[in-house]
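Visitor: Hey, got a minute to walk me through this one? I'd like to start with the strands and then wander a bit.

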Amino acid sequence: MHDFSGSRFDADWRMIGGDSRRTAYRPTDGISKTGCEVLWRQRLSKSTNRGLVADDSQLYLMDGSVRSNVIAIDKSTGNKEWQYGVSTESSTRPPIVIEDTVVFREDRTDTGYHLRGLDRNTGSTCWKQEIPVDETDHYPGPLLNRGEIIYDVSSDGNVTAIEIPSNETLWTRNSATEGPIKATALSDEKLYFGGENGDICCVDPETGGRVWKADDAGAIRALSIGDELVLAGCEDDGKIEAYDPETGHRVWTHPLPGVTSQNMAVTEELLYVGTNAGTTHAIDMRGEQWWEFRTDEIGSHGWISEKL
């Protein structure tokens, strides 16, 4: 069972999906079900579609794609606390927050790219680490961390574990997965990632050794870990697939009317997912649909929003 108790989960959303399992779920009694009030607005110089992350006091985001900025915004007032300008092309993925450090990818070169850690209070550089990758690697997967270990997944299937603040590379392995990695998730014992070619791989986070590999899932857009299942949102066929986390055996498949969203939310009982057919679905852990909400216009997006 997940333990979501404690104020940290009420205040923090330190990576996409809220936690390393990518559940995108926080139980709370503090959100009104009848209406919301706008507390503040902050205008950005560039658009952003990368998502927000947060700690107990600030929001963090990246704008643009070339010469973008990492921006910290006060959660209470909306004031911009600091801004770090990225000199070259940066990753299309949002940053993650580890303790007092905001970590993101930048500086794509012929031999690799860099991970940079910024002080969350000042925006100054704490450390910088080069990650060597193949020259064709332009679509790295989302960053993950467990404690002070960062897991960096490249699109060519290389997985690198880096310990901070020492910046020591603990291991690098290739999973033999082809195509860009689009989704990652981490449980207490296993690291999972899925890519455009339909592979879902499971590796040991301590050693990088492969535990299992499942294929023919369809292009993976999202991964989330439930209590007893690994849940994959597939782009090509419009479906959700559930896998045994220990063996990689496909447990069930639930068809959907359109491409799944990049965000899924998972509670102890239900998975919530939207599609580009304008539908939002609630599906239980047996693969049975509880309800479907459809918008009035075909082609509108029933995305599941991340909740801060």
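**Strand β3 and its surroundings**

Guide: Sure, and keep in mind that this is a predicted model. Look at β3 to begin with: Asn69, Ile71 and Ile73 on one side are buried, and so are Val70, Ala72 and Asp74 on the other, which leaves both faces covered.

Visitor: Why call β3 largely enclosed?

Guide: The strand spans residues 69-74, and 6 of its 6 residues are buried, so the rest of the structure largely encloses it. As for the two sides, side chains in a regular strand alternate between the two faces of the sheet.

Visitor: Which way does β2 run against β3, parallel or antiparallel?

Guide: Antiparallel, with 6 bridges joining β2 (residues 58-63) to β3. Within that pairing, Leu59 has Ile73 as its bridge partner.

Visitor: And how many bridges join β3 to β4?

Guide: There are 5, and β4 (residues 80-85) is antiparallel to β3 too. Find Ile71 and you'll see Gln83 of β4 standing opposite.

Visitor: What's going on in the hairpin of β3 and β4?

Guide: It has 5 residues between the strands, and Gly78 takes a positive phi near 85° there.

Visitor: Switching topic: how many aromatic pairs does a search of the whole structure find?

Guide: It finds 5. One of them is Tyr60 with Trp82, a tilted pair at 6.2 Å centre to centre with 40° between the planes. Tyr60 sits in β2 and Trp82 in β4, 22 residues apart, so to speak a link between distant parts of the chain.

Visitor: Are those two rings' residues, Tyr60 and Trp82, buried or exposed?

Guide: Tyr60 counts as buried because its relative accessibility is 0%. Trp82 is buried as well, at a relative accessible area of 7%.

Visitor: Okay, now the nonpolar side. How many residues are in the largest nonpolar core?

Guide: It has 24, and Val103, Leu115, Ile150, Tyr151, Leu191 and Phe193 have the most contacts inside it. Several strands give two or more residues to this core, including β7 (112-119), β8 (125-132), β10 (149-153) and β14 (191-195).

Visitor: What does Val103 touch, leaving out residues up to four places away in sequence?

Guide: Val103 touches Pro95, Ile96, Ile98, Arg116, Gly117, Trp127, Leu143 and Ile150.

Visitor: And which residues are in the other core?

Guide: That one lies apart from the largest core and has 14 residues, among them Ala183, Cys202, Leu223 and Ala232. In general, nonpolar side chains tend to be buried together in soluble globular proteins.

How values were computed
Residues are numbered from 1 along each chain as its sequence is written. This is a predicted model: local features need pLDDT of at least 70, side-chain atom pairs count only at pLDDT 80 or more; totals for chains, interfaces and linings use all residues. Side-chain values use heavy atoms; hydrogens and water are left out. A nonpolar core is a set of buried Ala, Val, Leu, Ile, Met, Phe, Trp, Tyr and Cys residues joined through side-chain atoms within 4.5 Å. Buried means under 20% relative accessible area, exposed over 50%, partly exposed in between (1.4 Å probe, protein chains only). Helices (H or I, at least four residues) and strands (E, at least two) are DSSP runs, numbered from the N terminus. Contact means heavy atoms within 4.5 Å. Two strands pair if DSSP finds at least two bridges between them. Rings of Phe, Tyr and Trp (its six-membered ring) pair if their centres lie within 6.5 Å; planes under 30 degrees apart count as stacked, over 60 as edge-to-face and the rest as tilted.
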